[in-house]
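Got your viewer open and a selection box ready? Let's walk through this one stop by stop, picking residues as we go.

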2 protein chains.
Amino acid sequence: MRLVIAHCSVDYVGRLKAHLPLATRLLLVKADGSVLVHSDGGSYKPLNWMSPPATLRVSSPDEVDLELGVVEQWTVQSAKTDDRLIINIHDKISESSHDLGVDPGLIKDGVEADLQRLLAEQIETLGQGYSLIRREYFTAIGPVDILARDADGATVAIELKRRGDIDGVEQLTRYLELLNRDPLLAPVRGIFAAQQIKPQAKVLANDRGIDCVTLDYDAMRGVDDIESRLF
Amino acid sequence: MRLVIAHCSVDYVGRLKAHLPLATRLLLVKADGSVLVHSDGGSYKPLNWMSPPATLRVSSPDEVDLELGVVEQWTVQSAKTDDRLIINIHDKISESSHDLGVDPGLIKDGVEADLQRLLAEQIETLGQGYSLIRREYFTAIGPVDILARDADGATVAIELKRRGDIDGVEQLTRYLELLNRDPLLAPVRGIFAAQQIKPQAKVLANDRGIDCVTLDYDAMRGVDDIESRLF
DNA sequence: GAATGCATGTCGTGC
DNA sequence: GCACGACGTGCATTC
């Protein structure tokens, strides 16, 4: 990994065009040829960047750029697409290089998969007498998160989200349309379950006869812990 | 901006939990208190991070951590949420600090707004005799990108995307449903226009009687340039 | 401040 | 390789 603090201007040409006027920034060159241009603010997204795989070519400025004060020009070319990043360096303030090695990678807990596992285990959260048919019930247009049976024996398709917005309702609607064509399953009801459901999503869901359930992940995890302790 | 190369482990607790085992990484501390943890790979997304505003507190390790080889512990606390990043530093390999100043920011060209402006100006791209009614035609469920009239005087709702996938078709479908309830506008046809349209989106659109148009942004910009030169 | 939609989204996963 | 869905999505804009 190479770290350069430089006074520079940057141009990106590819899916769109973007220009960064002259200022002091961090240029981060990774081992795979990718480059990040960071300012001292914003969030984790760089001002400009090139995704790997890419190659960095360093060249001398032409006469016009030299006149403008450019001392070095970097051309970062994507290996897969014709995206390109051109960095005109006017002043190199600092430079260092470090061998980091390969990273062991990130371990996560609490993503949708965990939420799905918990809800499948605690399916009665949705109502008394509910029973699980299966998780990740595969259909031609994608997997239904959870398929269950309610107290009356009717099939229920459950779409699970951390944040419930309109897209999730559309997704569930497509599944319901398909599932209701299957005489073995029909009629199939829908439940839209999320940690938080947006008003418009709720309106659309209700309009389509889909029930909305707000989930409390911490409570569900709590129940899970208690159950784990009991057995 | 502070740059630290360190042998460290990282834990994130907040919307979910995440753990990074001991390895050598770049720790980037920005002026607003945000912190990025980068490895020498991946793309622009850090392995772990804390968004601004945040505060970094440096403390000595407790006995247990000291025993494990921790020489310094960083606690990065989000100012707005209860998200927290804990970085256990086992070895500080390099450290530097730089004053970058405020960045003038990015100038973009070619985003959806530009595409929309161009298509509105060159509405006949869609067919002879087309005329613009208006851009951003507002409805109760959101703005229709472009509303136009075709050669026969029929109303046409146009949904514009850089990349056309199934979501865009769903969005346009909702608009069409609503617009067709308005007797002053009905019947309203739909056109799904994008620089690239995915096969599944095309199938869904055709199934719903929506026409698909692939846009050539460079050509449209070219026409724009020529027109600008003429006037 | 909440909600809505775009993004050079990126990233994993299944076919 | 392509397509789809999640993401600690982030982020600007609008109401």
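A polar contact here is a pair of N or O atoms within 3.5 Å. Keep that cut-off in mind for the DNA stops, and remember that the model is a predicted one.

**Stop 1: DNA strand C**

Select DNA strand C and the residues around it: there are 20, and the closest are Asn48(A), Gln200(A), Ser43(B), Lys161(B) and Arg162(B). Now zoom in on Asn48(A), where an N or O atom of the side chain is 2.2 Å from a base oxygen of DNA strand C. Move along to Trp49(A): a polar backbone atom of this residue sits 3.1 Å from a base oxygen of the DNA strand. For a phosphate instead, pick Lys45(A), with a side-chain N or O atom 3.4 Å from a phosphate oxygen of DNA strand C.

Which elements give two or more residues to this surface? Colour strand E4 (48-50) and helix H4 (199-207) of chain A, plus E11 of chain B. E11(B) gives the most, with four residues. If you colour by class, you get seven nonpolar, four polar and nine charged residues near DNA strand C. On the DNA side, 78% of the strand C atoms within 4 Å of the protein belong to sugar or phosphate, and the rest belong to bases.

**Stop 2: DNA strand D**

Switch your selection to DNA strand D. There are 22 residues around it, and Ser43(A), Lys161(A), Arg162(A), Asn48(B) and Trp49(B) come nearest. Sugar and phosphate make up 77% of the DNA strand D atoms that come within 4 Å of the protein.

Show two lysines of chain A next. The side chain of Lys161(A) has an N or O atom 2.3 Å from a phosphate oxygen of DNA strand D, and for Lys108(A) the side-chain N or O atom is 2.7 Å from a phosphate oxygen of that strand. For a base contact, hop to Trp49(B), where a backbone N or O atom lies 2.4 Å from a base nitrogen of DNA strand D.

Strand E11 (155-164) and H3 of chain A, along with strand E4 (48-50) and H4 of chain B, each supply at least two residues here. E11(A) has the largest share, four residues. By class, the surface near DNA strand D holds seven nonpolar, four polar and eleven charged residues.

**Stop 3: the two H3 helices**

Select residues 166-179 in chains A and B, which is helix H3 in each. How do they pack? Their axes are 11 Å apart, at an angle of about 90°. H3(A) and H3(B) are therefore roughly perpendicular to each other. Show side chains for Ile166(A), Asp167(A), Glu170(A) and Arg174(A), which meet Ile166(B), Asp167(B), Glu170(B) and Arg174(B). That contact divides into two nonpolar, no polar and six charged residues.

**Stop 4: a sheet in chain B**

Last, go to the open sheet of chain B, where five strands run in the order E9-E10-E11-E12-E13 with mixed pairing. Strands E9 (131-139) and E13 (211-214) are the edges, each pairing on one side only. Neighbouring strands are turned by 30° against each other on average, ignoring direction.

Within the sheet, pick E11 (residues 155-164) and E12 (residues 188-197) of chain B: they pair in the parallel sense over nine bridges. To find one of the partners, select Arg163(B), whose bridge partner in E12(B) is Gln196(B). Finish with helix H4 (residues 199-207) of chain B, which lies across E11, E12 and E13 of that chain and runs at about 170° to E12(B).

Methods:
Residues numbered from 1 in each chain as written. Chains lettered and ligands numbered in written order. Predicted model: local features only at pLDDT ≥ 70, side-chain atom pairs only at ≥ 80, totals over all residues. Heavy atoms only, no water. Axes fitted to C-alpha atoms, helices over the stretch in contact; angles between N-to-C directions. Parallel < 35°, antiparallel > 145°, perpendicular 65-115°, else oblique. Contact = heavy atoms within 4.5 Å. Nonpolar A, V, L, I, M, F, W, Y, C, P; charged D, E, K, R; others polar. Pairing = 2+ DSSP bridges. Near = heavy atom within 4 Å. Polar contact = N/O pair within 3.5 Å; in protein donor to acceptor, adjacent residues only side chain to side chain.
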